[in-house]
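I opened this notebook to record what I looked up in one structure, entry by entry. The model is shown first, and my notes come after it.

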Amino acid sequence: MFGILATVLMLIWLLHYREGLDLDSSNPYRVFNVHPFLMFFGFIFLVGEAMMAYKTVAADRPIQKYVHMFLNLSALVLGIVGIHATFKFHDKMNILDMYSLHSWIGIGAFCLFILQWLFGFSLFVFPRASVVTRTRLSHWHVLGGRVLLYMAICTALTGLMQKFTFMQLTNNRESYLINFLALSILLFGITVDLSVSLGRYTSHN
């Protein structure tokens with residue numbers, strides 16, 4: 001529910017208040033708008049859904065595993081496009097890259113996510129480790145995913161705050177919209193994390 005709400009608020013903000021989205025536009029701001037949309041819906045939202053796939057997908061364990069892997073891979077690809085959009089915007093506007101806390105946390109989280117995906121693929125899919133090794137390391141894989149989700153959400157919230165400051169918004173409808181968007185993203189992450197952690201606790205008891 002919070003993920004859908006955040007997606008709707010994001011689209012309202014970008015389409016109604018911020019001129020829309022177009023990666024190939026001559027308008028640099030429309031190019032930039034691809035970044036927040038893909039980094040939330042294409043990355044955070046899909047990663048959250050991937051984390052919950054073992055509970056939400058009504059299928060056998062191997063099918064759940066492949067859905068989990070595919071959603072994370074889709075998030076990775078869309079995240080690359082989203083990052084490309086912000087670098088393209090910076091080039092158009094002659095803005096320095098990687099100068100803010102938002103960008104530092106974000107690129108760190110994304111690089112670690114790539115390593116997490118490669119680790120998970122090689123450990124659980126191909127060439128696939130032994131049962132003992134998978135059992136021993138699965139806890140760390142889940143823990144790493146939870147940490148990366150919160151890092152991604154921290155990146156999103158600092159990015160919204162940075163954009164809020166650049167636009168010098170005060171007490172108006174757009175400012176309220178951004179605040180509710182940020183809260184929705186945070187609550188999405190919390191509910192996903194609770195779903196995953198409580199699910200594992202229940203399965204072990």
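The entries below go through helix packing, then enclosed and open space, then two backbone details.

**Entry 1, status of the model.** I note at the outset that this is a predicted model, and I read every value below as computed from it.

**Entry 2, α2 against α6.** I looked up how helix α2, residues 28-51, lies against helix α6, residues 131-166, and found that their axes come within 11 Å and cross at roughly 155°. Since angles over 145 degrees count as roughly antiparallel, α2 is therefore roughly antiparallel to α6. I also wrote down the sense of the crossing, in which α2 passes α6 in a left-handed manner. On the α2 side the contact is made by Phe 32, Phe 43, Ile 44, Val 47 and Met 51, while α6 brings Gly 145, Arg 146, Leu 149, Ala 152, Ile 153, Ala 156 and Lys 163. Sorted by class, the residues of this contact of α2 with α6 are nine nonpolar, one polar and two charged.

**Entry 3, α4 against α5.** I then turned to α4 and α5, which pack at an angle of about 150° with their axes 11 Å apart. By the cut-off of over 145 degrees, that angle makes α4 roughly antiparallel to α5. Here I recorded a left-handed crossing for α4 as it passes α5. From α4 the contact draws on Lys 65, Met 69, Asn 72, Leu 73, Leu 76, Gly 79, Ile 80 and Ile 83, and from α5 on Ile 107, Phe 110, Phe 113, Ile 114, Trp 117, Phe 121 and Phe 124. The residues of the contact of α4 with α5 divide into twelve nonpolar, two polar and one charged.

**Entry 4, the cavity.** How many cavities of 30 Å³ or more are there? I found one cavity that reaches this volume, and the space in the largest cavity comes to about 30 Å³. Its lining consists of Phe 43, Val 47, Phe 113, Leu 148, Leu 149 and Ala 152. Cross-checking with my earlier entries, I see that Phe 43, Val 47, Leu 149 and Ala 152 also belong to the contact of α2 with α6, and that Phe 113 belongs to the contact of α4 with α5. Both α2 and α6 supply at least two residues of the lining of this cavity, and α6 gives the most, with three residues. By class the lining of the largest cavity holds six nonpolar, no polar and no charged residues.

**Entry 5, the second largest pocket.** I next looked up the second largest pocket, which has a volume of about 730 Å³. It is lined by 36 residues, of which Phe 32, His 35, Thr 86, His 102 and Gly 159 are the closest to its centre. Which helices each supply at least two residues of this lining? I listed α1 (2-17), α2, α4 (61-93), α5 (101-124) and α6. The lining of the second largest pocket divides into 24 nonpolar, ten polar and two charged residues.

**Entry 6, backbone details in loops.** Last, I checked the backbone and found that the peptide bond from Phe 126 to Pro 127 is cis, with omega near 0°. I placed Pro 127 in the loop between α5 and α6. I also noted Glu 19, which has a positive phi of about 75° although it is not a glycine, and which sits in the loop between α1 and α2.

Definitions and conventions. Residues are numbered from 1 along each chain as its sequence is written. This is a predicted model: local features need pLDDT of at least 70, side-chain atom pairs count only at pLDDT 80 or more; totals for chains, interfaces and linings use all residues. Side-chain values use heavy atoms; hydrogens and water are left out. Axes are lines fitted to C-alpha atoms, for helices over the stretch in contact, and angles run from 0 to 180 degrees between N-to-C directions. Helices (H or I, at least four residues) and strands (E, at least two) are DSSP runs, numbered from the N terminus. Angles under 35 degrees count as roughly parallel, over 145 as roughly antiparallel, 65 to 115 as roughly perpendicular and the rest as oblique. A crossing is left-handed if the near helix is turned anticlockwise from the far one by less than a right angle, and right-handed if clockwise. Contact means heavy atoms within 4.5 Å. Ala, Val, Leu, Ile, Met, Phe, Trp, Tyr, Cys and Pro count as nonpolar, Asp, Glu, Lys and Arg as charged, and the others, Gly among them, as polar. On a 1 Å grid over the protein atoms alone, a cavity is a set of points where a 1.4 Å probe fits but cannot get out, and a pocket is an open set with protein on both sides within 12 Å along at least five of seven lines; lining residues have an atom within 4 Å of a point. Grid points are joined across faces, edges and corners, and a volume is the space filled by probe spheres set on the points.
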